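Colleague: Thanks for making time. Could you walk me through this one, starting with the charged side chains and then the confidence and a pocket?

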Amino acid sequence: MKRQSLGAIAAAVSLTVPWLVIWILTTVLPKVASLVGVQYSPPTVLLNLPTLAIVGISGLSVLGAAFLLAWGAETAEKDVPRAFAIAVLAVLAVAPEYAVDALYAWNAGQFAGTPRGIEAGNLAVANMTGANRILIGIGWAGIVLFSVYRSGSTADPAIESRPGFLADTVQLDRDLSLDVVFLLAATVWAFLVPVNGGIDILDMAVLVGLYVTYIAVILRGDVDPEEEHVGVPQYLQSYPKPKRVATVVALFAYSGLMIFTAVEPFAHGLEELGTEIGVPSFFMIQWIAPLASESPELIVVAYLVNKARSTAGFNALISSKLNQWTLLIGTLVVVYSLGLGQYGPLMFDQKQAGEIWLTAAQSFFAIALLINFELSVREALALLFLFSSQVLLEFSLIRGYVEVPVTDYELLLGFSAVYIVLGVGLFVYRREEFQYLLRRTAGTVSDAISGTETQPKGADD
């Protein structure tokens, strides 16, 4: 086991090495040389790499780092609550999305009042909403479909086969009630964000406050009963605790660094390739760049599902949605204000207001699907269909393939209405499950405050 595990770690690290070398020679060394007053010029061959080569090398680095990140999170479950380990994994996996969005928010502040600043502010919102909708429309839907597909060759206890057309389901961990309720609270607040035409300090206080409270609650939880792991995590968990903790920190730090540095050129490379084939740059920034920046998270989840751990994979996706829907939105105004040099709300136009409402509506519908702690193949396909149909219709309008007698803003409101109507119907139909969800969450919060456990894990009432 030792040889195989070390070999797997070495293979994952080797995928990151080419990018690490390029990053050090072209970014780190020039800055160091400038600080110490030494002349240094990066190799010309590296500065002139074709876009396709940059995409390939940085993409392989993201792949290798995602495996290291997943192994670190699984190993950490031995020493910290699983929910906290997954929350850390989620933050690191979506860190590139924070970086991309922060860049646009910073530029919006730096060039406030100019066309460039206005465009950057709109791009910050567009990139954020695109990332959030991808996480549900592709991530949540994809994990259900992949989990059910993989259940034919893996004994995944979370998969339940049911009679009927596309009725097989992924059973979710009932401890997710905390995550779902906090996500619902953030979603309800998100509907209010466009009312003032911008993201302001009140939005930051509420949304960041929700996430801080969520982390405080899960940190008070107990370490979960040890789950049997295989492969690399099993080997790393056999280390003495000091060595194990140091290894987990090293895996998190290295994989986080590789993801943080590699995803931006990966995303920008894809944008350039898309532009070369005629895809509008704004569309690329809203959809292709977020898809690239979300790739570490999607790779980690696919890895967990492949190990028959679809529950852990779904936990990671929900945690990612929660931190993006709170921290990402809430911190944009901070970055914008820093770029501006003083406090100011991050303003956006009417279309981006519609994008936020649509993103909140999709989140509302997705939560309505989750309140009975399961997702069926039919429900996953509904998420995927609604997401893809909106994106494809928007792209077709941009390219002039179709014509409809509505504006982009009206189209966004129309899809928002569909999500809301479906969500309200599900909440009414599943009102008893929703009441149970609230009771369970209240019990979890009460346990965290009192330091006791009044409700056994997995309790049905």
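Colleague: Happy to begin with K351 and E355: is each of them buried or exposed?

Modeller: Keep in mind that this is a predicted model. A residue counts as buried when its relative accessible area is under 20%. By that cut-off, both K351 and E355 are buried.

Colleague: And how far apart are the closest N and O atoms of K351 and E355?

Modeller: Both residues belong to helix 14, and because they are four residues apart there, about one helical turn separates them. Their side chains form a salt bridge, with the closest N and O atoms at 2.7 Å.

Colleague: Which residues are linked with K351 and E355 in a network of salt bridges?

Modeller: A search of the whole structure turns up seven salt bridges. The K351 and E355 pair belongs to a network. Its other members are R133 and E394.

Colleague: How many residues apart in sequence are the parts that D175 and R440 tie together?

Modeller: The side chains of D175 and R440 meet in a salt bridge of 2.9 Å, N to O. D175 sits in the loop between strand 2 (169–171) and helix 7 (177–190), while R440 is in helix 17 (residues 431–450), so the pair ties together parts whose separation in sequence is 265 residues.

Colleague: Which of D175 and R440 is buried?

Modeller: D175 has a relative accessible area of 29%, so this residue is partly exposed. For R440 the value is 3%, under the 20% cut-off. The buried partner is therefore R440.

Colleague: What is the relative accessible area of E160, which meets R162 in a salt bridge?

Modeller: The E160 and R162 side chains meet at 2.8 Å, N to O. R162 counts as partly exposed, at 29% relative accessibility. E160 is partly exposed as well, with a relative accessible area of 33%.

Colleague: Where is confidence lowest, and where is it highest?

Modeller: Across the protein the mean pLDDT is 84, and 90% of residues reach 70 or more. Among the elements, helix 4 (residues 82–93) is lowest, at a mean of 68. The highest, at 95, is helix 14 (residues 350–370).

Colleague: Which elements give two or more residues to the lining of the second largest pocket?

Modeller: That pocket holds about 290 Å³ of space. Of its 14 lining residues, the closest to the centre are W19, T27, T261, E264 and P265. The lining divides into nine nonpolar, four polar and one charged. The elements you asked for are helix 1 (2–36) and helix 10 (241–276).

Methods
Residues numbered from 1 in each chain as written. Predicted model: local features only at pLDDT ≥ 70, side-chain atom pairs only at ≥ 80, totals over all residues. Heavy atoms only, no water. 1 Å grid on protein atoms, 1.4 Å probe; cavity = no way out; pocket = protein on both sides within 12 Å on 5 of 7 lines; lining within 4 Å. Points joined across faces, edges and corners; volume = space filled by probe spheres on them. Nonpolar A, V, L, I, M, F, W, Y, C, P; charged D, E, K, R; others polar. pLDDT = per-residue confidence, 0-100. Salt bridge = Lys/Arg side-chain N within 4 Å of Asp/Glu carboxyl O. Buried < 20%, exposed > 50% of the residue type's maximum accessible area, 1.4 Å probe, protein only.
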